[in-house]
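Student: I would like to know how the terms used for a protein model are justified. Please take me through some of them.

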Amino acid sequence: MEFSSFYHLNVWRACPNMGLWTLFLLLLLLKNDVVHSGSDYLVGLGSYDITGPAADVNMMGYANMGQIASGLHFRLRARAFIVAEPKGNRVVFVNLDACMASQLVTIKVIERLKARYGDLYTEKNVAISGTHTHAGPGGYLQYVVYIVTSLGFVRQSFDIIVDGIEKSIIEAHENLRPGSIFVNKVYYQFRLTKKSKDKENKYIDLQHLLIGRRKLFLSSSYSLTASCSGVYNEIRYQRIIPETSVFSLQHSGELLDAGVNRSPSSYLNNPAAERSKYKYNVDKEMTLLKFVDDEWGPVGSFNWFATHGTSMSRTNSLISGDNKGAAARFMEDWFEQRGSGRTDSVTLENDGLPRRISNRELLELASSFQSPPGRSATRTSSVARRVRGALRQVDKPRFVAAFCQSNCGDVSPNVLGAFCLDTGLPCDFNHSTCGGKNELCYGQGPGYPDEFQSTRIIGERQFRKAVDLFNSAAEEIEGEVDFRHAYVNFSKLEVTISNQGASEVVKTCPAAMGFSFAAGTTDGPGAFDFKQGDDKGNPFWKMVRDLLKTPSKEQIECQHPKPILLDTGEMKEPYDWAPSILPIQILRVGQFVILCVPGEFSTMAGRRLRDAVKTVLSSDKDFDDIHVVIAGLTNTYSQYVTTYEEYQVQRYEGASTLYGPHTLSAYIQEFKKLAKALISGQQVEPGPQPPDLLNKQISLLPPVVVDGTPLGVNFGDVCSDIPQNSTFKSGDTVTASFWSACPRNDLMTEGTFALVEFLKGKDTWIPAYDDDDFCLRFKWSRPHKLSPKSKATIEWRIPKGVTPGVYRIRHFGAAKGLFGSIHHFTGSSSAFVVA
């Protein structure tokens with residue numbers, strides 16, 4: 001795909017009298033402000049690999065015990081930004097390609113940051129948020145209910161995430177430099193309409209436009225052609241007739257086809273008057289921050305948009321960042337390719353190969369590279385061969401693009417709707433069942449039945465919208481950097497609500513999960529005879545429940561109308577099953593405000609929270625024209641938050657709203673306290689500390705004992721090679737298999753298990769694609785669960801625009817010996833031709 005270039009400027013010479021008309025328009029609109037762009041902030045971004053064990057570990061998200069990792073779709077990353085006042089406050093936001101944040105992870109990251117930086121970074125000004133991919137390794141949370149399916153705590157999953165977050169923040173800290181930040185949630189069309197018959201053609205470049213009290217700085221990329229016409233990055237330069245012209249501002253910033261409401265019957269239970277304020281039953285707006293280094297120009301972007309990370313299904317076994325991780329990979333590659341002039345995802349040079357070399361000559365060249373025996377490698381071999389590592393400029397910060405989660409609770413990326421697998425008919429509207437059963441009701445993504453295609457399409461749609469917003473980002477962030485944070489015990493919190501005009505004090509409840517939780521969603525149905533919308537339960541499952549914990553009468557009344565399936569808030573053996581103390585947090589950078597919530601808010605719940613906080617903040621003149629976004633799944637995880645009305649319906653999201661029907665009201669009450677403190681400049685009480693349960697964790701996942709190969713076979717030997725004299729083209733799939741070892745022996749952090757290499761000249765192989773590319777899949781398997789022998793299969797789906805030439809597939813791995821030593825190895829396929 002192609003996007004307009006950033007590097008052309010032709011402003012004042014395009015048409016006569018342009019400067020006069022620009023000055024006139026600016027004076028007319030504002031009268032008193034002076035346009036300038038200075039650096040009031042230090043800006044730094046960082047990114048690091050957090051890809052966990054690609055074998056044996058249960059995936060986090062669907063709670064499907066059969067969903068065990070066995071390879072890689074593409075790598076997971078932690079992406080961080082830091083914004084600091086030169087002599088004042090600073091905030092950190094980290095976006096994880098992970099299902100959610102973890103309280104234990106947050107605690108240990110803060111401990112490390114305090115050891116390194118003192119009180120510069122604490123739980124108050126550091127936010128850690130998950131994208132909600134359901135295709136990442138589990139076992140890194142501390143509460144029992146979230147690690148049952150992963151057979152308890154998985155230290156390797158936990159460590160890689162903690163390490164990656166810390167390193168991404170360190171990189172962002174070391175990259176802190178003077179810079180500017182721009183915010184965009186629409187892309188603008190500037191129009192000046194004529195009211196005169198004067199035929200003289202005039203155009204204006206609105207490079208520096210001030211609207212209200214906000215400065216809009218159009219990037220220097222925007223230009224006018226010699227003929228004074230054209231559209232550049234969605235900024236439209238319209239003809240001006242000198243006598244009388246009317247200025248109007250139009251926008252189009254909605255992303256319409258990346259999310260649908262998967263629980264519309266719950267949404268419809270909200271008041272009609274409230275629903276009438278909104279055009280859609282999910283939020284369609286993306287909000288983006290663009291970070292610009294004073295010297296290097298754009299260095300990154302973070303955006304917030306609500307859609308679930310469930311394009312990859314509950315049966316997928318390849319680690320994947322799902323649609324948001326894909327969007328991030330696409331955007332980072334797009335930016336780097338644009339700067340380097342590449343047309344595909346790899347920089348290839350044809351030195352030594354004639355440009356018009358024939359296919360016969362290529363085949364002859366390829367035939368001289370037969371698959372060699374597997375051989376030993378160093379621990380850093382795969383890191384050195386990594387594609388993006390090789391391309392990175394040492395003296396320039398890498399471009400970081402993060403696609404963050406928002407109020408996605410009831411938003412599905414499976415936009416074609418939910419249908420019954422047996423009949424092809426739509427599922428039951430209220431209960432999402434097929435013939436009374438939930439197991440056959442599945443949401444369909446835009447690439448159905450290919451989940452990889454659905455992931456690519458939804459990721460690409462978010463990526464394209466982000467590029468629109470990035471290219472047209474014009475409103476500069478100005479103002480203070482600040483933050484507020486508090487821990488709140490949600491198990492029995494008094495909440496003041498308005499009931500028919502009168503104030504009433506109600507309470508939240510200890511955590512509990514309803515029967516409809518077990519029914520799952522249309523993104524991932526549950527099992528047995530559970531169904532969504534169940535507000536009664538059934539005697540059999542209540543009897544099973546009581547074997548674990550019988551809820552008290554008080555708890556049953558508090559959670560009504562939720563029939564309690566698991567009374568998790570009152571289950572304490574062997575340690576806490578669910579959280580009771582939750583962090584809430586507000587980060588402020590100028591007119592941009594992030595509400596960090598530790599769960600999945602439904603669409604309307606998120607709207608109510610945003611509106612409530614915005615109303616409080618807007619009462620102060622320093623918070624004029626603010627942008628408020630919700631960062632979901634941040635700092636810890638406490639499942640869902642619905643409105644009171646949605647809770648009454650008891651679909652999956654309501655059944656998973658842990659603290660009872662007044663959970664949202666509690667959040668709104670407590671966030672309003674933080675907002676008022678932000679205005680007044682006062683601090684807030686820190687609240688009770690959440691527990692650190694690391695020393696209580698139990699793990700039942702067996703370790704890797706030993707790896708082996710058949711007699712006379714080396715690790716890295718090819719067991720299924722590419723046929724000789726093979727020629728492939730874009731769209732074909734090339735496959736090679738190798739004798740391998742368990743990927744848990746070495747996660748290849750910032751490296752790769754799989755590589756496609758391109759022949760440069762006659763004998764030099766250069767990296768072309770690795771396991772962080774969407775087109776390359778690494779699959780690992782063993783004959784049976786206890787077998788020490790295993791194979792790695794690497795599949796390359798040749799992308800469009802690939803450079804013709806000679807290629808081969810290479811594998812990196814690490815084998816565990818009988819006495820625990822780790823031996824690194826590598827192997828290569830025979831060469832083949834891509835025409």
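Tutor: The questions below go from the whole chain to single residues, a sheet and a surface patch.

Tutor: This is a predicted model, where local features need pLDDT of at least 70, side-chain atom pairs count only at pLDDT 80 or more, and totals for chains, interfaces and linings use all residues. Residues are numbered from 1 along each chain as its sequence is written, and side-chain values use heavy atoms, with hydrogens and water left out.

Student: How many helices and strands does the protein have?

Tutor: The protein has 16 helices and 45 strands. Both are DSSP runs numbered from the N terminus: helices are H or I with at least four residues, strands are E with at least two.

Student: Why is Ser157 called buried or exposed?

Tutor: Buried means under 20% relative accessible area, exposed over 50%, and partly exposed in between (1.4 Å probe, protein chains only). Ser157 has 2% relative accessibility, so Ser157 counts as buried. Ser157 belongs to helix H3, residues 155–174. Across the protein, 61% of the 835 residues are buried.

Student: Which residues is Ser157 in contact with, leaving aside neighbours within four places in sequence?

Tutor: Contact means heavy atoms within 4.5 Å. On that basis Ser157 is in contact with Pro53, Val57, Pro137, Gly138 and Tyr140.

Student: What makes E26 and E34 edge strands of their sheet?

Tutor: The sheet is open, with 4 strands in the order E26-E31-E32-E34 and mixed pairing. Strand E26 (481–489) and strand E34 (627–631) each have a single partner strand, so one side of each is left without a neighbour in the sheet. From one strand to the next, the twist averages 15°; such angles run from 0 to 180 degrees between N-to-C directions, with axes fitted as lines to C-alpha atoms, for helices over the stretch in contact.

Student: How do you know that E26 and E31 pair?

Tutor: Two strands pair if DSSP finds at least two bridges between them. E26 and E31 (residues 581–589) are joined by 9 bridges and run antiparallel. One of the bridge partners is Ile581 in E31, opposite Asn489.

Student: Why is Ile698 called buried, exposed or partly exposed?

Tutor: Ile698 has 41% relative accessibility, so Ile698 counts as partly exposed. Ile698 sits in the loop between H16 and strand E36 (718–720).
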